[in-house]
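The following exercises concern helix packing and open space in a protein model. Each task is followed by a solution in steps.

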Amino acid sequence: MRTIATLLRRDLARFLPGGRSGGTLLPLLFFLAVAMLYPFAVGPDAQLLARTGGGVIWIAALLAAILPLDRLLAPDVEQGLFDQWALRGISEELVVAIRLLGHWLSFGPFLMLAAIPASVLVGIDGESLWLVELGLLAGTPGLAAIGIVIASLTIGLRGSAALAGLLAIPLAVPLLVFGAGSLSPDGEGGLALAAAISLLLVAIAPFAGGAAIRAAREG
């Protein structure tokens, strides 16, 4: 438990807004910027904004989640930290699981808070905002899991940041479909499906990420 707490504190110190890694406010600012610009792009039609605002928030959440992918794992691999952890008996899967939690804590709760002013900008009412918040709570762990897996698969590749983004977007489509679809009149099951997909991704991510990191180290 002491090892887990130490690694989590280290990750939070790096990834939380104002942390050592720098640029940790970018996902939050990006999310708000999309919400601010969208009404200018589609015009002042309140009904149109209300119908499409939830989908825009989900797309902004996805793009905000993939912004820091190049800083999630690659620096630690390059500095040999995973080798040191392995020598101490700390598995790659455990480190990736803790990194997944740290990554989610660095953007998920903040996006949920930012969704409140964003909902005003895109014309979402209070009832729909509640569904958006529940959807983000259910879906952002899955987005974080996708990010961790993609970051581990692209370690050491040239242009890995752009490649990671391109790979993450199609994998996140089911979460976006069910998360944004929960706002439609007949989308009651969307939240449950988004939560189920997110849970599956979170369960798979440490093992897939750990295997990818071992392959990169041994290669």
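**Exercise 1.** In this predicted model, determine how the axes of helix α1 and helix α6 are placed relative to each other.

*Solution.* Step 1. Helix α1 covers residues 2-15, and helix α6 covers residues 92-121. The axes of α1 and α6 come within 9 Å and cross at roughly 40°.

Step 2. An angle under 35 degrees would count as roughly parallel, and one of 65 to 115 as roughly perpendicular. The crossing is therefore classed as oblique for α1 and α6. Its hand is right-handed, as α1 passes α6.

Step 3. On the α1 side, the contact is formed by I4, L7, L8, R10, D11, L12, R14 and F15; these meet L94, V95, I98, R99, L101, G102, L105 and S106 in α6. Sorted by class, the residues of this contact comprise 10 nonpolar, 2 polar and 4 charged.

**Exercise 2.** Characterise the crossing of α6 with helix α10 and list the residues that meet there.

*Solution.* Step 1. Helix α10 spans residues 190-218, and its axis comes within 8 Å of that of α6, with a crossing angle of roughly 125°.

Step 2. Because an angle must be over 145 to count as roughly antiparallel, α6 is oblique to α10. The crossing of these two helices is right-handed.

Step 3. From α6, the residues E92, E93, V96, A97 and L100 take part; their partners in α10 are V202, A205, P206, F207, G209, G210, A211, I213, R214 and R217. This contact of α6 with α10 has 9 nonpolar, 2 polar and 4 charged residues.

**Exercise 3.** Decide how α2 is oriented with respect to α3, and give the classes of the residues in their contact.

*Solution.* Step 1. Helix α2 (residues 26-42) and helix α3 (residues 46-66) have axes that come within 9 Å and cross at roughly 150°.

Step 2. Since this angle is over 145, α2 is roughly antiparallel to α3. The crossing of α2 past α3 is right-handed.

Step 3. In α2, P27, F30, F31, V34, Y38, P39 and V42 meet L48, L49, T52, V56, I57, A60, A61, L63 and A64 of α3. The contact of α2 with α3 contains 15 nonpolar residues, 1 polar residue and no charged residues.

**Exercise 4.** Describe the largest pocket: its volume and the residues that line it.

*Solution.* Step 1. The volume of the largest pocket is about 200 Å³.

Step 2. The lining consists of 12 residues, of which A50, R51, S128, L183 and S184 are the closest to the centre of the pocket.

Step 3. Helix α3 contributes the most to this lining, with 4 residues. By class, the lining has 5 nonpolar, 5 polar and 2 charged residues.

Terms used
Residues numbered from 1 in each chain as written. Predicted model: local features only at pLDDT ≥ 70, side-chain atom pairs only at ≥ 80, totals over all residues. Heavy atoms only, no water. Axes fitted to C-alpha atoms, helices over the stretch in contact; angles between N-to-C directions. Left-handed = near helix turned anticlockwise from the far one by under 90°. Contact = heavy atoms within 4.5 Å. Nonpolar A, V, L, I, M, F, W, Y, C, P; charged D, E, K, R; others polar. 1 Å grid on protein atoms, 1.4 Å probe; cavity = no way out; pocket = protein on both sides within 12 Å on 5 of 7 lines; lining within 4 Å. Points joined across faces, edges and corners; volume = space filled by probe spheres on them.
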